[in-house]
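Open the model in your viewer and keep the selection tool at hand. This tour goes from one stop to the next.

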Amino acid sequence: MSNAQSSSDRIPINLRTEALEQLLVERGLVDPQVMDTFIKTYEKDVGPLNGAQVVAKAWTDPEFKQRLLEDGTGAVAELGFKGPQGEHLVVVENSSAVHNVVVCTLCSCYPWPLLGLPPAWYKDPAYRSRVVREPRTVLGEMGLELPKDTEITVWDSSSEVRFFVLPQRPAGTEKFSEAELAALVTRDAMVGVAQVNA
Amino acid sequence: MTEIQPASGVADMGGDSGWGRAPIIDPDEAVFPEKWEGRAFALALLSMRLSGSNLDAFRHAMNRLDRERYIDDGYYGRWLYGAENLLLDSAIIAPGAVEARAANIAGGHVDEPPAPESTKPDYAPTAAGSIRQIDAPRKFTVGQRVRAKTMNAPGHTRLQKYTQGRVGTVAIAEPAQVLPDTHAHFIAENAQWVYTVSFDSRELFQEHAENFTLNTDLYEDYLEAAS
């Protein structure tokens, strides 16, 4: 039985990472250029701009919105969004009556194809542990005060299903184009810890 | 070949207290605020392939970490330690090799253990990803009352402790998926139906809890019919 060493003299994590990379690269087991490609993909190509496009389209195309809510995976694939951590997508709609918010208490499962890699707050133990127990309080601490009569539904990802929030379209945006709407949509609104403001 | 090693318990933190105030959102946060985080991310993805394991084994490799290793270097810190566990399990790297190399990079002169003979798990997935087509009928239907079982799994599980023993209602019938509990240990895929189950917050956290609905997607093996 072996396990990552657990002695008290900790090696700084950046040095540890470099050591592992060297060991694997010098034996030809890992190609550093492949690593660069993975990193660049999630720095440049796969991020919340994808999800914002989905939201803006759902706000302006009622038939797309219906498909999105019935078959999230299929609907976002129409826009070319699929890949790791996007095997089965369930889209839930926020309204003035119901507010949905997503978490993964066990790790930090997140819909990568639409939102990229999760932000620090989503991975924070305080968020993971508390939003399933006192979501109204946690959302308040994060700056989102919901009306008392708004029902809250928390979605905790356990399997490979990924949950995605379709935020409420802000008032006063009736004349906005799809692109203008997409520019308003934030990452945090698509997880349910914020609302979209015009 | 991997033995079944227990989770440390730190990862299963849903409903726990003691983690402090909710985090502050930084809307301009970089994807990888430090360079090593991107390297650790990529190394972990490649280590899953190199070690001949799978995503469930990787999650369990992180859940095995003690609290210090799980928490102190953040998300990509546990990815790196988890990746090391997978590489040690499959004898892609030798115990002590990373520590010795780190010491030498830092200017030391330490003997490094030779690369071992690898022992990858005797395992191959039946398809890509986790979703499978199965013929078995569903045990539960939407609207049915179900109880999350109380399970003391020796190894990996995705059944959170805060849902165990609690009664909810099936809200969504989800696609069939491989069971992490056995897949993580290369025992079997055990593909089975998954259900999103709705729990009343007061069923989970007593009568004084905030009033809300908690939905979570649970595997059929985790559930039993409730009246």
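The stops below run from the interface of the two chains to the domains of chain B. Keep in mind that this is a predicted model.

**Stop 1: the two chains**

Colour chain A and chain B separately. Then select the residues where they touch: 81 residues of chain A are in contact with 88 residues of chain B. Together the chains bury about 7700 Å². Carbon and sulfur atoms give 59% of that area. Now pick Arg10(A), Ile13(A) and Leu106(A). In chain A, these three lose the most area to chain B. Together they make up 9% of what that side buries.

**Stop 2: polar links across the interface**

Show side chains next. Nine salt bridges are counted between chain A and chain B. For one of them, select Glu160(A) and Arg59(B). Their closest N and O atoms are 2.9 Å apart. Polar contacts join 35 residue pairs across this interface, with both residues at pLDDT 80 or more.

Which elements of chain A supply at least two residues each to the side that touches chain B? Switch to cartoon view and look. Among them are helix H2 (32-45), strand E1 (88-93) and strand E4 (161-166). Helix H1 (13-26) is another. Select H1(A): its 13 residues are the largest share of this side of chain A. Now colour this side by class. You should find 41 nonpolar, 18 polar and 22 charged residues.

**Stop 3: strands that pair between chains**

Select strand E3 (151-156) of chain A. Add strand E4 (residues 213-219) of chain B. E3(A) and E4(B) pair in the parallel sense, over four bridges. Zoom in on Trp155(A). Opposite stands Asn215(B), in E4(B).

**Stop 4: inside chain B**

Hide chain A. Colour domain 1 (1-114) and domain 2 (145-225) of chain B, as given by the domain assignment. Their centres, taken over C-alpha atoms, are 26 Å apart. The contact takes 18 residues from domain 1 and 16 residues from domain 2.

How much area is buried between these two domains of chain B? The value is about 1300 Å², with 58% from carbon and sulfur atoms. Select Ile4(B), Asp12(B) and Asp56(B). In domain 1, these lose the most area to domain 2, together 38% of what that side buries.

**Last stop: between the domains**

One salt bridge is found across this domain interface. The polar contacts here number five residue pairs, both residues at pLDDT 80 or more. Finish by colouring the domain 1 side by class: five nonpolar, nine polar and four charged residues touch domain 2.

Technical notes:
Residues numbered from 1 in each chain as written. Chains lettered and ligands numbered in written order. Predicted model: local features only at pLDDT ≥ 70, side-chain atom pairs only at ≥ 80, totals over all residues. Heavy atoms only, no water. Contact = heavy atoms within 4.5 Å. Buried area = accessible area lost by both parts, 1.4 Å probe. Salt bridge = Lys/Arg side-chain N within 4 Å of Asp/Glu carboxyl O. Polar contact = N/O pair within 3.5 Å; in protein donor to acceptor, adjacent residues only side chain to side chain. Nonpolar A, V, L, I, M, F, W, Y, C, P; charged D, E, K, R; others polar. Pairing = 2+ DSSP bridges. Domains from an automatic or database assignment.
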